[in-house]
Amino acid sequence: QVQLVESGGGLVQAGGSLRLSCAASGSIFRINTMGWYRQAPGKQRELVASRTSGGNTNYADSVKGRFTISRDNAKNTVYLEMNSLKPEDTAVYYCNADLKQYGIAYREYWGQGTQVTVSS
């Protein structure tokens, strides 16, 4: 069984910072891409940032220059450093991982989500 456990969400004023963490645990053989998605009320879930095991990153245009994704491959953990937060960043943030368990093909896993609220 694989679990993705997120932490670090909360309430912050506009211009502030937060750091999200997501740790994958279980019988994991290898993780390819880890990333963060978000979903605001009434909107579709969207990619925020992702990072491959080799270090390639991808960011939504709306967060470029403000958010930084990093990974600790040894700990199966991904981080999202969020700076200069704006009210429009308010959403539930979900961790995502494309990983392979022993004897099972690669598939996607999701965390339970963590709320980020940015007040104006």
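1. **Arg-66 and its surroundings.** Arg-66 is in contact with Glu-81, Met-82, Asn-83, Ser-84, Leu-85, Lys-86 and Asp-89, leaving aside its neighbours within four places in sequence. Contact here means heavy atoms within 4.5 Å. Arg-66 lies in the loop between β6 (57-59) and β7 (67-72). Strands are DSSP runs (E, at least two residues), numbered from the N terminus. Arg-66 counts as buried, at 10% relative accessibility. Buried means under 20% relative accessible area, exposed over 50%, and partly exposed in between, with a 1.4 Å probe and protein chains only. A polar atom of the Arg-66 side chain lies 2.9 Å from the backbone oxygen of Ser-84.

2. **Basis of the model.** This is a predicted model, in which local features need pLDDT of at least 70, side-chain atom pairs count only at pLDDT 80 or more, and totals for chains, interfaces and linings use all residues. Residues are numbered from 1 along each chain as its sequence is written, and side-chain values use heavy atoms, with hydrogens and water left out.

3. **The salt-bridge network.** Which residues are linked with Arg-66 in a network of salt bridges? They are Arg-38, Glu-46 and Asp-89. A salt bridge is a side-chain nitrogen of Lys or Arg within 4 Å of a carboxyl oxygen of Asp or Glu. Side chains of opposite charge can pair when their charged atoms come close. Within the network, the side chains of Arg-38 and Glu-46 meet at 2.8 Å, N to O. Arg-38 is buried, at 6% relative accessibility. Glu-46 is partly exposed, at 35%.

4. **Other salt bridges.** The structure holds 5 salt bridges. One of them joins the side chains of Glu-81 and Arg-19, at 3.6 Å, N to O. Glu-81 lies in strand β8 and Arg-19 in strand β3 (residues 18-25), so this pair ties together parts that are 62 residues apart in sequence. Glu-81 counts as partly exposed, at 30% relative accessibility. Arg-19 is partly exposed too, with a relative accessible area of 44%. Another salt bridge is formed by the side chains of Asp-61 and Lys-64, at 3.1 Å, N to O. Asp-61 is exposed, with a relative accessible area of 63%.

5. **The largest pocket.** The largest pocket has a volume of about 190 Å³. Its lining has 13 residues; Arg-38, Ala-40, Lys-43, Glu-46 and Glu-88 lie nearest its centre. Arg-38 and Glu-46 also belong to the salt-bridge network. The lining divides into 2 nonpolar, 4 polar and 7 charged residues. On the terms: a pocket is an open set of points on a 1 Å grid over the protein atoms alone, where a 1.4 Å probe fits, with protein on both sides within 12 Å along at least five of seven lines; lining residues have an atom within 4 Å of a point. The volume is the space filled by probe spheres set on the points. Asp, Glu, Lys and Arg count as charged; Ala, Val, Leu, Ile, Met, Phe, Trp, Tyr, Cys and Pro as nonpolar; the others, Gly among them, as polar.

6. **Thr-77.** Is Thr-77 buried or exposed? Thr-77 counts as buried, at 8% relative accessibility. Thr-77 is found in strand β8 (residues 77-82). A polar atom of its side chain lies 2.9 Å from the backbone oxygen of Lys-75. Such a polar contact is a pair of N or O atoms within 3.5 Å; within protein, one must be able to donate a hydrogen and the other to accept it, and residues adjacent in sequence count only if both atoms are side-chain atoms. Leaving aside neighbours within four places in sequence, Thr-77 is in contact with Cys-22, Ala-23, Met-34, Ser-70, Arg-71 and Asp-72.

7. **Tyr-79.** Strand β8 also holds Tyr-79. Tyr-79 counts as buried, at 16% relative accessibility. Not counting residues up to four places away in sequence, Tyr-79 touches Arg-19, Leu-20, Ser-21, Trp-36, Thr-68, Ile-69, Ser-70 and Asp-72. The C-alpha atoms of Tyr-79 and Phe-67 are separated by 10 Å, with the two residues 12 apart along the chain.

8. **Backbone points to check.** Asn-76 is not a glycine, yet has a positive phi of about 50°. Asn-76 is found in the loop between β7 and β8, and is partly exposed, with a relative accessible area of 23%. Ser-84, not a glycine either, has a positive phi of about 50°. Ser-84 sits in the loop between β8 and β9 (91-101). Ser-84 counts as partly exposed, at 42% relative accessibility.

How values were computed. Helices (H or I, at least four residues) and strands (E, at least two) are DSSP runs, numbered from the N terminus.
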